Amino acid sequence: IREYPESRVYPYGIYKAAWCKYNMQDENGGIALLEQVIAYGHEKAAAGQVSVKLDLRKEALGDLALFYSDERKAEDAVTYFTTQARDLDAVPVILRLVEIYKRHAKYNEVDIVLRGILAKLPDSTQIALVHEELIWNADRLKRRDIAVKQLETLNQMCDGMAEKQPGHAECDAKVIEVSKKLGAKLHALWKKDRTAETADLALRSYQLHLENQTEAGKQSHEVAQVRYAFADLLFARNRFREASTEYANVELASKDAGKKGGFDLMQTDPKLSVDASYGAVVSLERAVGDAKWSDDDENQFEKLASAYLKKAPNGPYALDLRFKKAFIAYEKEKYDKAAPDLKLIGWSKDNTTHPKVLKAQDLYLDILNIKKDYKTLKEAAQALLSRGLEKGREDQMAKIRREAWFAEVGEVESKGQHQQAVSMYRAFAVENKGSELGARAWWNASQILFK
């Protein structure tokens, strides 16, 4: 072959000879021959004499990656292949070397070579892929903090590209794809190790996925699922106020619901939609904690609770949310606001023995007492008595009704309506014979008549 350098098949012969060397475990001999094939191709290309069929530079470079992996240092790979490739793109060849290292679990060598590409060939059209390879290689090495940091570096690189620059859209798409996969993987790991570090790494990955979505991309079931997972992790990290916002934002995936081409999360995944609405409420409650509810938080609670109740009016948490809304108003002494909801809960025909229902009854009766609305207080207690209550509860309501009735008559008397007051005292005394208030009623009536 050497005696016929001008033969058309000369490079092919040298190329085959290189493989013979490699098969005889003479890798360096094979490398030397492949270098000759590549140099021959460059020489012919420079002279304009290259033959498409017999231009074996790319094939030789690809095989050179295999030969190189057995004998040479990873630290020298990028410089070496860039020199060999000259005006050809060396990155695909170097990435082939990376794949070979991966097959042999030489992950440290993978890291060295990939970082060499970033340092020496930063303008490669495959630079986003290089970042991705670094991310997953770090994950394989269990250097998960490095994986997330590399993802953030990729995101910064994409952000630095002009919007119309070639590869910008593909770069953003790579961030979206990898951040979701890495976030999900870290989230699954957190469910096993429950460490704050793993949770925070998953959060950083999910956040990049959500931040890089296009407006069209935000309206999807996939994004809703990621945002819900993001909110779950925020809640787990006690970042309750942020969690509430993100749970509420799950519904942002819906757009133009009911219209052609629109997306309705409640129709696609009602469980996710309802669970997210409830998560938003619970997170806000945890954010407020034992502190007094501000007006802003109260208004936000009402908004979030209404969103849940609209979706699940008979859901498992509907009663709890209706009660909490009224209870917040009660605690803030907004009695006119709290009373209607408490009455609706307490005097409903459903769940009559539920603790929240009983509590609502007590709070509503307390409001009526505070407002000195004894007539309504008496009627409300009577309505409960007419249902048939347990003995202790019945005695309690009977006492409230009796005291409210007596106080009501006292108000009539204080207004100077003596004849009506006497009549009411008599009726009260007759019904409440034997009670202390019954005796007082007779006495009060007699004192009015003496005047």
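The expected span of a helix is taken here as 1.5 Å times one less than its number of residues, and helices are DSSP runs of H or I with at least four residues, numbered from the N terminus. The model is predicted, so local features need pLDDT of at least 70 and side-chain atom pairs count only at pLDDT 80 or more, while totals for chains, interfaces and linings use all residues. Residues are numbered from 1 along each chain as its sequence is written, and side-chain values use heavy atoms, with hydrogens and water left out.

Select first helix α21, residues 391–414, whose 24 residues reach 35 Å from first C-alpha to last, close to the 34 Å expected at 1.5 Å a residue. Its buried residues (under 20% relative accessible area, 1.4 Å probe, protein chains only) include R393, W405, F406 and E408. Add α19, α20, α22 and α23, which are among what covers these buried residues, and then G416, which follows α21 with a positive phi near 85°.

Move next to S283 in helix α15, residues 270–288; because its relative accessibility is 0%, S283 counts as buried. Its side chain reaches the backbone oxygen of G279 at 2.7 Å, and, leaving aside neighbours within four places in sequence, S283 is in contact (heavy atoms within 4.5 Å) with F235, F240, A243, S244 and Y247.

Finally, select the largest nonpolar core (buried Ala, Val, Leu, Ile, Met, Phe, Trp, Tyr and Cys residues joined through side-chain atoms within 4.5 Å), which has 55 residues, with F301 and Y308 among those with the most contacts inside it. Helix α12, residues 221–236, gives this core its largest share, 9 residues. A second, separate core of 43 residues includes L33, I38, L56 and V91.

Definitions and conventions
Helices (H or I, at least four residues) and strands (E, at least two) are DSSP runs, numbered from the N terminus. Buried means under 20% relative accessible area, exposed over 50%, partly exposed in between (1.4 Å probe, protein chains only). A polar contact is a pair of N or O atoms within 3.5 Å; within protein, one must be able to donate a hydrogen and the other to accept it, and residues adjacent in sequence count only if both atoms are side-chain atoms.
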